[in-house]
Amino acid sequence: MVVSRYGRALAAGVALALLGGLPARAQDSSTAEQTIDVMNTLFGKHPGKRANHAKGVVAEGSFTPSADAAKISKASLFAGPAVPVTIRFSDATGVPTIADGAANANPHGMSLKFKLGDGSDMDVVLNSLAYFPVATGEEFHDLLKAVSESGPDAKKPTALERFVATHPAAATAGSTAKTPSSFARQTYNGVNAFVFVDKDGKRQPFRFRVVPVQGEEILSAEEAAKREPNYLVDEIGPRVAKEPAKFRVLAQLAEAGDPTNDATKPWPESRKTLDLGTLTVTKVVPDSAEAEKALLFMPNALTDGIDVSDDPLIDARVQAYAVSFGRRAQ
């Protein structure tokens, strides 16, 4: 159930790519429950499916670190040979039947689970937004609630119009995510800041960015609308079976004065980006629908040498993910 075309586009395009880490300021857990409640109102309840990014495909591959990565972080991920990675590509919204080329399927997502040498996992959650529409979990809930109250018959100015008037990024973030020709031809961004820690204890804030080696290939709205409903999900398996898809895993490094606690504020493109290594996607798992039921990507599942920052959205994402996982596991 979705309230309006504009509401759908905003909710999908600016909203549902969140969910991730653990900073110093904790969000009230009831906000996470309420956030998932509103998602279920907007998109309906679909047993066994995620409240957001419900449609996806699971793949496997590996990550090979660069020589430079170990200089900026003591993380074991960067210290040794290639490690296995589980990858989930996804469409936005909680609608598991959404067409891959629909405007509401943006931002598309990429979630990574690195299998470290000591048997532990490290997770990274990314999406194709350049920045996030709001700065806190409470604001994210309020945005979704405003969308749910702003149907075609809502009194003007609608709740959504009032919210956007006081949250400028909510009006613009969605337009930064475009529809790709393939999951393998899209750039995926980490809108939250994390912190590298090197062997001497030096700390360097950064944001993840994963860039396709073949280059990004974006479709026009008209081209995307002509594609088959499952073209992204169906295309990625045969593509990587023929030739592995490769991505450069980058870190955009913050400089003094760059905010680490506000995901609505991208850092200047002039900031240095460090090549951390290569992500190689080699195959789609045999039963993706079954595999994704057990997968939970939590970007506070880090490793020594990478810390969370003071971004309050990280905790909001962790709590909302936990609520969503608990409900789909019932």
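Buried means under 20% relative accessible area, exposed means over 50%, and partly exposed is what lies in between. With that in hand, here is a look at some charged side chains in this predicted model.

**Salt bridges, from inside to outside**

The structure holds 22 salt bridges. Let's start with Asp100 and Lys55, whose closest N and O atoms sit 2.9 Å apart. Asp100 is in the loop between strand E2 (83-90) and strand E3 (109-115), while Lys55 is in the loop between helix H2 (29-43) and strand E1 (56-65), so this pair ties together parts that are 45 residues apart in sequence. Are the two partners buried or exposed? Asp100 has a relative accessibility of 0%, so it counts as buried. Lys55 comes in at 8%, and that makes it buried too, given the cut-off of under 20%.

Glu161 and Lys156 make another salt bridge, at 3.2 Å from N to O. Here Glu161 is partly exposed, with 34% relative accessible area, and Lys156 is exposed at 59%.

Then there's Lys293 with Glu290, where the N to O distance is 3.5 Å. Both belong to helix H9 (residues 288-294), and because they are three residues apart, about one helical turn separates them. Glu290 is partly exposed at 46% relative accessible area, and Lys293 is likewise partly exposed, also at 46%. Elsewhere, salt bridges with shared partners link Glu33, Asp37 and Arg327 into one network.

Here are the three pairs side by side:

| Salt bridge | N to O distance |
|---|---|
| Asp100 and Lys55 | 2.9 Å |
| Glu161 and Lys156 | 3.2 Å |
| Lys293 and Glu290 | 3.5 Å |

**Asp123 and its surroundings**

Now for an acidic residue in a strand. Asp123 is part of strand E4, which runs over residues 121-127. Why does Asp123 count as buried? Its relative accessibility is 2%, and the cut-off for buried is under 20%.

What does the Asp123 side chain meet? A polar contact of 3.0 Å connects it to the side chain of Lys113. Strand E3 covers 109-115, so you can look for Lys113 along that stretch.

Setting aside neighbours within four places in sequence, Asp123 also touches residues from two stretches of the chain. Leu112 and Lys113 are among them, and so are Leu296, Phe297, Met298, Pro299, Ala301 and Leu302.

Technical notes. Residues numbered from 1 in each chain as written. Predicted model: local features only at pLDDT ≥ 70, side-chain atom pairs only at ≥ 80, totals over all residues. Heavy atoms only, no water. Helix = DSSP H or I, 4+ residues; strand = E, 2+ residues; numbered from the N terminus. Buried < 20%, exposed > 50% of the residue type's maximum accessible area, 1.4 Å probe, protein only. Polar contact = N/O pair within 3.5 Å; in protein donor to acceptor, adjacent residues only side chain to side chain. Contact = heavy atoms within 4.5 Å. Salt bridge = Lys/Arg side-chain N within 4 Å of Asp/Glu carboxyl O.
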